Amino acid sequence: METYYDPKDLKNFSKIGEFGQELADKFFDYYGNVFKDSALSAREKSLIALAVAHAVQCPYCIDAYTSDTLEKGYTEEQLMEAVHVTTAIRGGASLVHSVQMMKQAKKLMM
Amino acid sequence: MKSLFASHSPLSAPDVQLDALHKLELIPFSERVKNAGLEEIKPLPISIIQVNLGKMCNQTCKHCHVDAGPDRKEIMSRETMEQCLTVLRNSNAQTVDLTGGAPEMNPHFRWFVEELSALKKHIIVRCNLTIILANKKYHDLPEFFKEHQVEVVSSLPHFTALRTDRQRGEGVFSKSIEALQKLNAVGYGIDGSGLLLNLVYNPTGAILPSDQKGLESEFKQRLKAEFNIDFNALFSITNMPISRYLEFLIESGNLESYMEKLVDAFNPMAVQNVMCRNTISVGWDGTLYDCDFNQMLDLPVNTAKANIRDFDEHALGFRSILVDDHCYGCTAGAGSSCGGEIA
């Protein structure tokens, strides 16, 4: 069945240079450096990546970082907690705008 | 749960297992080695002799590459063990690695360990931990191991019950913890005791193991905090795509992606240190193999005489090591061996 997202396409990510090598090289070099052990460990960065993958709802990233976080020793419970952090921030981002709504409503109403 | 053998699964046949890998049409392992500019994998002097004392086990783990279990009756005879001892008396190999199944279930196990101890060999026993509690006759194994300065290597795939039990069977985690505490009580894993207790981590699923040092640090912290358990080192081992783990990969639809992962993670540095170069594996019936995995795939060493009774260390030094696509399991990432990472 043809779909917009084919899991096999993830393997071709490294080939995007075909349509522009210079920027692709710069991106992958940057990407590789971002995920190195530094002030944050590669392990911590992997869990952040999983949470962000859910925020941007990228199926490729979700597959890749589910596998990566499990390989790095996180439990399923920890993965789910990370996604709840995403959800809390996404939900909170909507809900915090209710302050504006309330302010406007109070201004308009008697 | 039954073994593949007892349940008459087609996958219990080694050629069916290799066919399943070949159907994926990966770059053949030998070609991948060549493409990396490396020479054919050649033997080094034998330093480890790994002896499989039988397929009998008190557990039936889902990832077992031996297809061991309580329903397997194949065990090494005392006569074959005597042939092993004759070889070891005249061999420079200083380490004898005893594996199974549960090697302790072989009725000649203790006699064999005593004889090896008299030869002053370094003895490793791959103990599944739960065997220590399985029957009264095994309760004193920690003291027995200590008496013969045996290095104990035990699988504990995770520091949580959920993940360990999912791989090794219901209730295995709590029994393993109790057994580890008993080993600690006689000095195993305790700094300064000289008694080595090493744990083995195998991923519980179609994933590769991560950085061994990082995992070791987390295991040490969690096992100490929650169960007051000490151990020396954690060996991180990649699951080989054979036997019951292969069955899991096929049934869960993960075979192709797992093999692609192994191939993509091929590390030329690991090739130099694969365990088949310095190890000989002896099957329960005395047949010789390049490694424990070739043993389970029924691929004996490529020499005229492939049995412990005809052991010829010189001829083995010139043999061609048999490789196939399962070998990608030993060369992925940081590499994998019975002693953990190799690169």
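**Exercise 1.** In which helix of chain B is Asp292(B) found, and is this residue, in what is a predicted model, paired in a salt bridge or left without one?

*Solution.* Begin with the secondary structure, where Asp292(B) falls in helix α13, which covers residues 292–296 of chain B. Turn next to its charge partners: Asp292(B) is buried and yet has no salt bridge, since the nearest side chain of opposite charge, that of Arg126(B), is 7.2 Å away, whereas a salt bridge requires the nitrogen and the carboxyl oxygen to lie within 4 Å. Then look for other polar partners, and a polar contact of 2.6 Å is found between the side chains of Asp292(B) and His65(B). Finally, list the surroundings: leaving aside residues up to four places away in sequence, Asp292(B) touches Gln50(B), Asn52(B), His65(B) and Ser281(B).

**Exercise 2.** Describe the interface between chain B and chain A, going from its extent to its composition.

*Solution.* For the extent, count 16 residues of chain B in contact with 11 residues of chain A, with a buried area of about 1,000 Å², of which carbon and sulfur atoms give 36%. Within the area that chain B buries, Arg163(B), Ile207(B) and Glu218(B) supply 38%, more than any other three residues.

For the charged pairs, the count is 6 salt bridges between the two chains; one salt bridge joins the side chains of Glu76(A) and Arg163(B), at 2.9 Å from N to O. On the chain B side, α7, α9 and α11 each supply at least two of the residues that touch chain A, and α11(B) gives the largest share, 4 residues. By class, this side divides into 6 nonpolar, 3 polar and 7 charged residues.

Key: Residues are numbered from 1 along each chain as its sequence is written. Chains are lettered from A and ligands numbered from 1 in the order in which they are written. This is a predicted model: local features need pLDDT of at least 70, side-chain atom pairs count only at pLDDT 80 or more; totals for chains, interfaces and linings use all residues. Side-chain values use heavy atoms; hydrogens and water are left out. Contact means heavy atoms within 4.5 Å. Buried area is the accessible area (1.4 Å probe) that two parts lose on being put together, summed over both. Ala, Val, Leu, Ile, Met, Phe, Trp, Tyr, Cys and Pro count as nonpolar, Asp, Glu, Lys and Arg as charged, and the others, Gly among them, as polar. Buried means under 20% relative accessible area, exposed over 50%, partly exposed in between (1.4 Å probe, protein chains only). Lys and Arg count as positive and Asp and Glu as negative; His and the chain ends are not counted. A polar contact is a pair of N or O atoms within 3.5 Å; within protein, one must be able to donate a hydrogen and the other to accept it, and residues adjacent in sequence count only if both atoms are side-chain atoms.
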